[in-house]
Every structure is written in C-alpha cells, then in structure tokens.
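Work through the exercises below with the sequence and the model open. Each task is followed by a solution in steps.

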Amino acid sequence: MNNIRIVVENVHNKIVNGMNKACEIVKKTYGPLGKMVIIDKGFIDITCDGYTVINSIKLKDRLENVGVELLKSAAYQTKEMIGDGTTSTVILGTELCNKIIKYELNDYVDLKRIIQKLETYILDELDKQRIEIIDKKTIKTICEGASNDEQIGELISKVSEEIGISGTIITKPTYKDMIYYESYNGLVYDKGLVSSYLSDDAKVILNDAYVIVLNDNINTINEFETIIYDIKKTKKDILVIANSFSKEVIDYIIYLKRSFNYKIFATYSPEFGNNSKEILSDIALYLDTFVITNKTIYTNIDEVGKAKYIEITKDMTIIKSYDESNVLVENRINELKKLEQTYIIKKRIMMLNGNIGCIFIPYNNEFEYELLHEKISNAIESLKVARTSGVVFGAGKALLDIVNSYDGDGIYKEIINSLGVINNTLIGNNYLEKNSEKVFDPLLYVKVIVRNTFNLLKLFISLGGFIEITEENDRAKKDNNLKYFLE
C-alpha cells in the first residue's frame with residue numbers, strides 16, 4: 001500500500017525556500033571572479049560551471065526540492081537553446097519567484113496577464129538597446145566576456161579578422177604546449193591523406209590539379225586506373241576523393257609516387273551514406289564538375305574538375321578553385337541556410353563558405369583541455385550569435401538600464417526591479433560595476449534568459465498543491481501510525 005501526503009498550503013513559500021538554497025550555491029560561481037564549488041559524488045569534482053552545480057543539488061525536503069527541479073528545467077532550456085546563460089537563468093528565475101509571492105497567487109489569470117505584458121515590454125526594450133558589431137575591439141570584448149579569459153578574447157578576435165564575417169571558427173586538439181590558430185581560405189574538409197607514406201612531412205601541396213570526385217569505393221587497381229588513366233598521361237597533379245580505398249589501391253598509389261614520381265593522392269569522402277553523396281555534390285559544385293557514380297565508366301578529362309591549389313595534411317584537405325566568386329556555390333549556401341540546421345547541414349555550409357579559422361588547444365592534460373575547450377567554444381558561439389542578433393551591454397547592465405528607466409509601480413515595478421539582480425550579483429562577486437561598460441552580451445542570449453525565466457515564473461504561480469506518494473515499506477515502517485494524513 002502507498003502512503004499519500006498532500007500539501008495544499010504554503011506550497012510557494014516552500015518551493016522558493018528550495019530555490020533560494022540552490023541559488024545561494026550557484027551564484028557563488030558567477031562572473032570572472034566567481035568561486036569554484038566542490039561536488040562530492042563518490043569522487044570529487046571541482047567546477048565553476050553553474051549548470052553542473054545546479055544539476056548536482058538535491059534537497060532533503062521534497063517540496064523544497066521541487067524548487068530546485070524547476071530551476072534545473074529552466075536552466076536546461078537555456079542550455080539547449082544557447083549553450084550558455086544557465087547561471088543567469090537560475091539567479092533571475094529565483095529573484096522573480098521571490099518577488100511574486102508577496103502578492104495574492106490565487107488570481108492566476110490576472111497574474112499571468114501582468115507577467116506576459118512585462119515580458120513583452122522587456123524584450124522590446126532590449127531590442128531598442130541593440131548594438132551592431134562594428135570593429136575588432138567589440139569582437140574581443142564579446143569573446144573575452146564569454147570565456148572570462150583575455151588571451152582567448154584576443155586570439156579569437158585575430159582569427160575572426162583574418163577569415164571575415166562569413167568565416168567559420170573550429171577547434172582541434174594539439175600536442176603542442178600552447179594555444180595557436182591557423183586560418184584557411186578555400187573549401188576545407190576534415191579528411192587527409194589515406195596513408196602517411198604519401199608524404200615525408202605530413203603535408204602535400206598540389207598546384208593546377210585535377211580533382212576526381214567519386215561516390216563509390218575503389219577496391220581494385222583496374223578500377224583506379226579506369227578513373228585516372230587519361231589524366232595520368234598529362235603528368236599533372238591529381239587528387240581522388242572516394243568513399244574508401246582498398247589496401248591494394250593505396251599501395252599502388254604509393255608505388256606510382258615512389259617509382260614514377262607521379263603526384264597522385266587520395267582522401268576519403270568527408271562523410272558516409274547519404275551524407276557522403278550530399279557533401280561530394282557540394283565539392284563537385286565548388287569545382288564546376290560532377291560526381292562520378294559508376295567507377296567502371298571511362299572519365300573524360302575535359303569534364304574533370306580542376307583546382308588552383310590543394311593542401312593535404314594527415315587530417316585535413318584545403319582546396320582553392322579558380323572561380324572564387326561562384327554564384328552556384330552562393331546559391332547552394334543560401335538554400336542550405338533555409339533548412340533545419342542539423343549537424344550535416346552546418347558542416348556543409350562551413351565547408352562551402354570558404355574561410356575557416358582553426359584554433360588548436362593543447363591536449364597534455366584532459367582536465368585542462370576540457371576547461372579550455374569549453375571557454376573557447378562559449379566564446380566562438382557567443383560571437384556567432386552576436387553577429388546575427390547584435391549585442392547589448394553585458395554584466396546585467398542592459399537589464400539594469402530597463403530597471404532605471406521604468407516608471408511603473410506596484411507589482412509591475414517589483415517584477416521589473418528583479419532584473420537588477422544580475423548586475424548586483426556580479427558586484428557582490430567582486431566584479432566591479434564599471435566593468436559592465438566594457439563587456440557585451442549577444443542580444444539573443446539575454447532575450448532567451450528573459451523568456452525562460454518568465455516561463456518559469458508562469459509555471460510557478462500556476463502551482464496549487466503538492467502530493468507525495470511513497471511506498472509503505474519506505475515511509476510507513478518508520479511510523480506505523482502513518483497511513484494517510486493531510487496538512
């Protein structure tokens with residue numbers, strides 16, 4: 001038999017108590033000078049990541065723990081939508097709920113109407129504060145604020161300047177002892193030489209090269225010769241891209257290079273299956289050629305794509321075409337941007353954009369690598385969003401300005417005043433108020449945080465009771481007199 005505990009009064013006060021307990025821990029991590037939190041989960045984890053901290057909290061009182069779970073849900077929504085801003089969501093969400101319990105919560109419809117009206121007002125005011133990214137200094141401050149690291153902010157601003165607004169920044173591990181970057185201009189994909197024996201220094205440079213794009217496997221020497229025979233006689237540089245090559249074929253390519261000095265090289269297709277077909281079609285479009293789908297058909301040399309320059313390493317290939325202003329490529333990019341932005345669609349857009357900056361992160365220590373990778377990824381994502389949505393003053397100043405300019409009163413003013421908690425928390429964590437003039441937040445980030453915290457507030461005021469059901473052998477054994485009770 002189950003035991004049932006029903007609570008119909010003081011639900012909101014107990015839930016807010018739970019929120020306050022959780023927020024008190026999470027907000028200590030906030031800002032560049034935020035403190036680390038020790039989490040004991042069988043092993044010790046030390047972190048300053050607010051999302052990790054809130055997800056580790058569980059209170060003994062089950063009703064108070066409902067408040068923690070509400071904060072976790074709101075933080076998760078923010079994390080899923082923008083990848084950052086979870087601590088701000090916890091802090092602002094808690095403050096809003098603290099303010100609203102001063103008022104009569106039974107009139108849910110009227111309260112919801114007031115909350116919706118204020119949410120719309122705040123979002124409109126944020127739009128009025130929008131600032132366009134106009135220079136390197138702004139980019140640096142965005143990245144520095146997102147990573148809490150001046151060196152990372154400077155590095156990403158340099159990369160961004162080199163690859164331009166349309167460029168893409170990616171990260172890769174390195175066994176060097178320092179963070180560094182390289183920028184590439186051209187079509188770039190993440191497959192390199194099929195064998196390290198094709199190069200003495202792990203890099204191959206081809207000029208005025210033929211490029212054969214094959215959506216198939218090459219298993220025999222005869223199949224390979226059918227594809228390259230006519231082109232091989234020109235003694236020109238050749239790159240063959242296919243789904244796979246047998247060991248026999250790879251050994252034959254090495255033999256041609258070493259014995260006859262042919263500059264014939266091969267890479268695997270960047271993806272597999274249908275994804276391979278789509279990406280290979282993008283490469284063919286970039287080179288004004290076609291994808292070969294039948295390896296037994298003789299290849300006409302006049303129809304094969306040609307590249308001005310190709311650079312191949314052990315894990316990357318860069319191709320520069322002769323036509324750098326290909327209208328068909330631009331149209332393909334625009335078509336892809338209209339589709340749902342899945343992993344493969346993003347990869348295709350990145351590849352076709354033609355400008356890539358790669359930041360290499362030291363991998364000497366896994367913990368340090370993960371920490372740096374998270375900081376750099378946050379900065380890159382913040383910059384990407386800021387370019388499309390614009391920015392507002394950071395450190396909670398944009399929200400504080402709305403507080404200072406609002407002339408309403410009563411519950412309206414109470415809720416608006418809650419927005420100042422972000423700036424106040426940062427000042428409390430020894431982050432000086434004057435620094436809020438030096439950092440920026442992507443406008444989209446601030447708007448998502450506002451939406452999710454106000455959604456949390458709407459859910460909070462809609463709660464009217466609590467039912468706890470436990471197994472008899474769990475609770476009743478502790479108190480044989482307990483069967484059903486009502487509080």
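A cavity is a set of grid points where a 1.4 Å probe fits but cannot get out, whereas a pocket is an open set. The model used here is predicted.

**Exercise 1. Find the cavities of 30 Å³ or more in the whole structure and describe the lining of the largest cavity.**

Step 1. A search of the whole structure gives 1 cavity of 30 Å³ or more.

Step 2. The volume of the largest cavity is about 40 Å³.

Step 3. Its lining consists of 10 residues, and those nearest the centre are Val-211, Ile-212, Thr-289, Phe-290 and Ile-292.

Step 4. Sorted by class, the lining has 6 nonpolar residues, 3 polar and 1 charged. Strand E7 (residues 203–213) contributes the most, with 3 residues.

**Exercise 2. State the volume of the largest pocket and name the elements that give two or more residues to its lining.**

Step 1. The largest pocket has a volume of about 1400 Å³.

Step 2. It is lined by 36 residues, and Thr-168, Ile-169, Lys-346, Glu-381 and Lys-384 are the closest to its centre.

Step 3. Two or more lining residues come from each of helix H3 (62–82), strand E4 (168–174), strand E6 (187–189), helix H12 (343–353), helix H13 (366–389) and helix H17 (443–462). H13 gives the most, with 8 residues.

Step 4. The class count for this lining is 17 nonpolar, 9 polar and 10 charged residues.

**Exercise 3. Describe the second largest pocket by volume, lining and class of residue.**

Step 1. The second largest pocket holds about 1200 Å³ of space.

Step 2. Of its 49 lining residues, Asp-84, Gly-145, Ala-146, Asn-148 and Asn-378 are the closest to the centre.

Step 3. H13 gives the most to this lining, with 8 residues.

Step 4. By class, the lining of the second largest pocket divides into 22 nonpolar, 19 polar and 8 charged residues.

**Exercise 4. Decide whether Lys-384, Lys-458 and Thr-94 are buried, partly exposed or exposed.**

Step 1. The cut-offs come first: buried means under 20% relative accessible area, exposed means over 50%, and partly exposed is in between.

Step 2. Lys-384 lies in helix H13. Its relative accessibility is 47%, so Lys-384 counts as partly exposed. Lys-384 is 217 residues from Gly-167 in sequence, while their C-alpha atoms are 9.9 Å apart in space.

Step 3. Lys-458 is placed in helix H17. Lys-458 has a relative accessible area of 12%, and is therefore buried. Leaving out residues up to four places away in sequence, Lys-458 touches Tyr-108, Ile-115, Gln-116 and Glu-119.

Step 4. Thr-94 belongs to helix H4. Because its relative accessible area is 3%, Thr-94 is buried. With residues up to four places away in sequence again not counted, Thr-94 touches Met-19, Asn-20, Cys-23 and Leu-71.

**Exercise 5. Work out how the buried residues of helices H15 and H11 are placed around the helix axis, and what they pack against.**

Step 1. In H15 (residues 410–417), the residues Ile-411, Ile-415 and Ile-416 are buried. These residues are on the same side of H15, because they cover an arc of only 135° around the axis.

Step 2. The cover over the buried residues of H15 includes helix H4 (86–100), helix H5 (108–128), helix H14 (397–405) and H17.

Step 3. In H11 (residues 327–337), Val-329, Ile-333 and Leu-336 are buried. Viewed down the axis of H11, the buried residues fall within an arc of 65°, so they line one face of the helix.

Step 4. Helix H10 (273–286) and H12 are what the buried residues of H11 pack against.

**Exercise 6. Give the mean pLDDT of the protein chain and check residues 432–436 and 480–487.**

Step 1. The protein chain has a mean pLDDT of 83, and 90% of its residues reach 70 or more.

Step 2. Residues 432–436 have a pLDDT below 50, and the model gives this stretch 8 contacts beyond near neighbours in sequence.

Step 3. Residues 480–487 also stay under 50 in pLDDT, with 17 contacts in the model beyond four places in sequence.

Technical notes: Residues numbered from 1 in each chain as written. Predicted model: local features only at pLDDT ≥ 70, side-chain atom pairs only at ≥ 80, totals over all residues. Heavy atoms only, no water. 1 Å grid on protein atoms, 1.4 Å probe; cavity = no way out; pocket = protein on both sides within 12 Å on 5 of 7 lines; lining within 4 Å. Points joined across faces, edges and corners; volume = space filled by probe spheres on them. Helix = DSSP H or I, 4+ residues; strand = E, 2+ residues; numbered from the N terminus. Nonpolar A, V, L, I, M, F, W, Y, C, P; charged D, E, K, R; others polar. Buried < 20%, exposed > 50% of the residue type's maximum accessible area, 1.4 Å probe, protein only. Arc of directions from axis to C-beta. Contact = heavy atoms within 4.5 Å. pLDDT = per-residue confidence, 0-100.
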